[in-house]
Amino acid sequence: LMREVGRELRERLPQSDSAAKAELIGYLADDNLPPEGKHYYEAKLDEARQQFPENWEIYEMDLIRKKSTNEKLYDDEIKKYYSQNPNSGIATYHMGCSAWNHADKVRALEFFDVAKKIAPQDKRFADTYSKASTLSPPEKVCTVQINFNPEQF
């Protein structure tokens, strides 16, 4: 049902990044997509990334896809973006996630701390730092946050 609603929104509002996110989230949340669903999702995600390159939530969906497909592809993408944008909260956060995934808790905490200082308004960065302070890899601490602005529909 989410996929159907998302497709309808995207068809009606092709210039809305919120509609693109709504269409994609129905695929992202489904761990049991058949091959044709995966291909459709990948094509739509590529399309959304090209259309809305500045949208972090769509970027994070792409990172999830890369991580689920190939951990090295995820790590390479994060390192590349971070090297180009070292003052980006989201890039720093994902550098922490990458370090955490490689069981480097100390380095991960350093990145999470910097991310929360760069973007103190992003509660997720502070929450992740707090969780990571009390847990150890391979416990999950990183999250993806996807929001919808009703005014954009």
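**Figure 1. Close-up of A99 in helix α6.** The model is predicted: local features require pLDDT of at least 70 and side-chain atom pairs count only at pLDDT 80 or more, whereas totals for chains, interfaces and linings use all residues. Residues are numbered from 1 along each chain as its sequence is written, and side-chain values use heavy atoms, with hydrogens and water left out. Helix α6 covers residues 89–101; helices (H or I, at least four residues) and strands (E, at least two) are DSSP runs numbered from the N terminus. With a relative accessible area of 6%, A99 is buried; buried means under 20% relative accessible area, exposed over 50%, and partly exposed in between, with a 1.4 Å probe and protein chains only. Apart from residues up to four places away in sequence, A99 touches D104, R107 and A108, where contact means heavy atoms within 4.5 Å. F111 is 12 residues from A99 in sequence, and their C-alpha atoms are 8.5 Å apart.

**Figure 2. Close-up of A103 in the loop between α6 and α7.** Helix α7, on the other side of this loop, comprises residues 105–118. A103 has a positive phi, near 60°, although the residue is not glycine. Its relative accessibility is 56%, so A103 counts as exposed.

**Figure 3. Close-up of G6 in helix α1.** Helix α1 comprises residues 2–12. G6 has 0% relative accessibility and therefore counts as buried. When neighbours within four places in sequence are set aside, the contacts of G6 are with A19, A22 and E23. E23 is 17 residues from G6 along the chain, and the two C-alpha atoms are separated by 3.6 Å.

**Figure 4. Close-up of Q15 in the loop between α1 and α2.** Q15 counts as exposed because its relative accessibility is 66%. Outside its neighbours within four places in sequence, Q15 is in contact with Q51 and F52. R3 lies 12 residues from Q15 in sequence, with 18 Å between their C-alpha atoms.

**Figure 5. Close-up of the cis peptide bond between P137 and P138.** Omega of the bond from P137 to P138 is near 10°. P138 belongs to the segment that follows α8 (123–134).

**Figure 6. Close-up of the largest pocket and its lining.** A pocket is an open set of points on a 1 Å grid over the protein atoms alone, where a 1.4 Å probe fits and protein lies on both sides within 12 Å along at least five of seven lines; lining residues have an atom within 4 Å of a point. The largest pocket holds about 370 Å³ of space; a volume is the space filled by probe spheres set on the points, which are joined across faces, edges and corners. Its lining consists of 19 residues, and K67, Y74, N101, K140 and C142 lie nearest the centre of the pocket. Two or more lining residues come from each of α4 (56–69) and α6 (89–101), and α4 gives the most, with 5 residues. By class, the lining of the largest pocket has 11 nonpolar, 4 polar and 4 charged residues; Ala, Val, Leu, Ile, Met, Phe, Trp, Tyr, Cys and Pro count as nonpolar, Asp, Glu, Lys and Arg as charged, and the others, Gly among them, as polar.

**Figure 7. Close-up of the second largest pocket and its lining.** The volume of the second largest pocket is about 270 Å³. Its lining residues are Y27, L28, D30, D31, L33, K38, Y41, E42, I64, R65, S68 and T69. Helices α2 (17–28), α3 (35–51) and α4 each give two or more residues to this lining. Its largest share, 4 residues, is from α4. The lining of the second largest pocket divides into 5 nonpolar, 2 polar and 5 charged residues.

**Figure 8. The fold that frames the close-ups, a chain of 8 helices and 0 strands.** Along the sequence, the pattern is α-α-α-α-α-α-α-α. The radius of gyration is 16 Å, close to the 15 Å that the globule rule gives for 153 residues, so the chain is as compact as a globular protein of that length; the radius is taken over C-alpha atoms, and the rule is 2.2 Å times the number of residues to the power 0.38. The C-alpha trace spans about 45 × 35 × 30 Å along its principal axes. Of the 153 residues, 40% count as buried. Among contacts with a separation of 6 or more, 50% join residues 24 or more positions apart.
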